[in-house]
Amino acid sequence: MYSVPPRRILAATDLSEESGGAVGRAAALAARHGARLRVVHVVPPDVDPDLVEFAGTLLRSQVHRYTGPVRDAEGGGGTDAGEGVETGLRFGRVGPALLDEARKADADLLVVGAHGADRRPGALIGGTPGNLVRAARGPVLVVRRPADTAYRRVLLAVDDSEVSREAARAGIALTPGAEHLALHVSIVPGERLLLQRGVDDAGLEQLRHAVVERARPDIERLVDALTPRPDDVLVLPGRAQEVVPARAASPGADLVVVGTGTRSGFGYALLGSVARHVMAEAPCDVLVVPGTER
């Protein structure tokens, strides 16, 4: 489902400097993949008409500033990404308006800044980006860093689920020129209880090693089925909520790719603990790929 590059990209902006990075990254990816790009700002429905006109001017100015020229940021060969970019104002609540826009544009990638103008701790999970990830029907790219270079090192968080396979395929298709590292994290069942019962460090290390070796064949098979195959595979012990963000910082990843659960009966993704922690704690951009609908 996600094994091809995006063809229609929708970028959301609140017109802040922080969200300008998301616009720039969306433009770089559009240039890299020859995709159509639309940039949208949502205006409250009761705003003064004069401010609506001003918002439109600011939107066009931000798009011009952050989209062109994008010179080889994603291998686009100096394409002026500002040419042909569509812009639009929507009215209403931010989340529903953007999701409706994505549906109407048939967008296969939604790009949003990690915080926008809201820099409070935890704003990502409780604010618009987190809500969009939960409700979107396709991949959402949450941007933290300026788009001054291409994605060069990409961390694929994998397990043995189909959701994980779809996410890995999406990440590879989006970043074909990058180095891809597949990471699986296995936890020792009841590890905390074992510690409370006096299992020493040596015994715990043996259990961790056994759990890792038990998981490795399945993860290697999953990775072997990806095209192209990731450059390296890591199978580590621990809690994925902690290890994945830490490894994103340790090798200097530019992007982390993580899948999230199947969709609920209400149409919302069941945003798993790993995805929530990665979005909140990874120091780089995060691509969240939803599972299929139920």
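In the predicted model, Leu15 is partly exposed, with a relative accessibility of 22%. Leu15 sits in the loop that runs between β1 (8-12) and α1 (17-33). The phi angle of Leu15 is near 75°, a positive value in a residue that is not glycine. Asp106 also has a positive phi, of about 55°, and is likewise not a glycine. Asp106 belongs to the loop between α3 and β4 (109-113), and at 47% relative accessibility Asp106 counts as partly exposed. A further backbone feature is the cis peptide bond that joins Thr227 and Pro228, with omega at about -10°. Pro228 is located in the loop between α8 (201-224) and β8 (232-237). For context, most residues other than glycine have a negative phi, and most peptide bonds are trans.

The secondary structure of the chain consists of ten helices and ten strands. Of the 294 residues in the chain, 49% are buried. The exposed area of the chain is about 14000 Å², and carbon and sulfur atoms supply 51% of this area. Among contacts with a separation of 6 or more, 80% are between residues 24 or more positions apart.

Two helices illustrate how burial is distributed. Helix α6 (residues 162-174) contains 13 residues and spans 18 Å from its first C-alpha to its last, close to the 18 Å expected at 1.5 Å a residue. Ten of the 13 residues of α6 are buried, so this helix is largely enclosed by the rest of the structure. The buried residues of α6 include Val163, Ile172 and Leu174, together with the charged residue Glu166. In helix α10 (residues 273-281), the buried residues are Ala275, Val278 and Met279. These residues cover an arc of only 95° around the axis and therefore lie on the same side of α10.

Strand β7 (residues 179-186) contains Leu181, which is buried, with a relative accessible area of 11%. Apart from residues up to four places away in sequence, Leu181 touches Val154, Leu155, Leu156, Asp232, Val233 and Leu234. The C-alpha atoms of Leu181 and Val256 are 9.6 Å apart in space, while the two residues are 75 residues apart in sequence.

On the surface, Leu51, Phe54 and Leu58 make a nonpolar patch of about 280 Å². Phe54 is part of helix α2 (residues 49-67). With a relative accessibility of 49%, Phe54 counts as partly exposed, because the exposed class begins over 50%.

Charged side chains were examined next. Side chains of opposite charge can pair when their charged atoms come close. The model has 20 salt bridges. In one of them, Arg90 pairs with Glu101, and the closest N and O atoms are 2.8 Å apart. This salt bridge links distant parts of the chain, with Arg90 in strand β3 (residues 86-91) and Glu101 in helix α3 (residues 94-104), eleven residues apart. Arg90 and Glu101 are both buried.

A second salt bridge is formed by Arg145 and Asp254, with the closest N and O atoms 3.7 Å apart. Here too the pair links distant parts of the chain: Arg145 is in the loop between β5 (140-143) and β6 (153-157), Asp254 is in the loop between α9 (240-249) and β9 (255-259), and the two are 109 residues apart. Arg145 is partly exposed, with a relative accessible area of 30%, whereas Asp254 is buried at 17% relative accessibility. Asp254 counts as buried because its value of 17% falls in the class under 20%. Beyond its neighbours within four places in sequence, Asp254 is in contact with Arg145, Ala150, Tyr151, Arg152, Arg153, Cys284 and Asp285.

A third salt bridge joins Glu242 and Arg239, the closest N and O atoms being 2.8 Å apart. Both partners are partly exposed: Glu242 has a relative accessible area of 46%, and Arg239 has one of 29%. Elsewhere, salt bridges that share partners connect Arg36, Arg38, Glu86, Arg90, Asp100, Glu101, Arg103 and Lys104 into one network.

Note on methods
Residues are numbered from 1 along each chain as its sequence is written. This is a predicted model: local features need pLDDT of at least 70, side-chain atom pairs count only at pLDDT 80 or more; totals for chains, interfaces and linings use all residues. Side-chain values use heavy atoms; hydrogens and water are left out. A salt bridge is a side-chain nitrogen of Lys or Arg within 4 Å of a carboxyl oxygen of Asp or Glu. Helices (H or I, at least four residues) and strands (E, at least two) are DSSP runs, numbered from the N terminus. Buried means under 20% relative accessible area, exposed over 50%, partly exposed in between (1.4 Å probe, protein chains only). Patches are made of residues with over 30% relative accessible area and no salt bridge: like charges are joined within 9 Å, nonpolar side chains (Val, Leu, Ile, Met, Phe, Trp, Tyr) within 5 Å. Accessible areas come from the Shrake-Rupley method with a 1.4 Å probe; for residues, only the protein chains shown count as cover. Contact means heavy atoms within 4.5 Å. The arc is that of the directions from the helix axis to the C-beta atoms. The expected span of a helix is 1.5 Å times one less than its number of residues.
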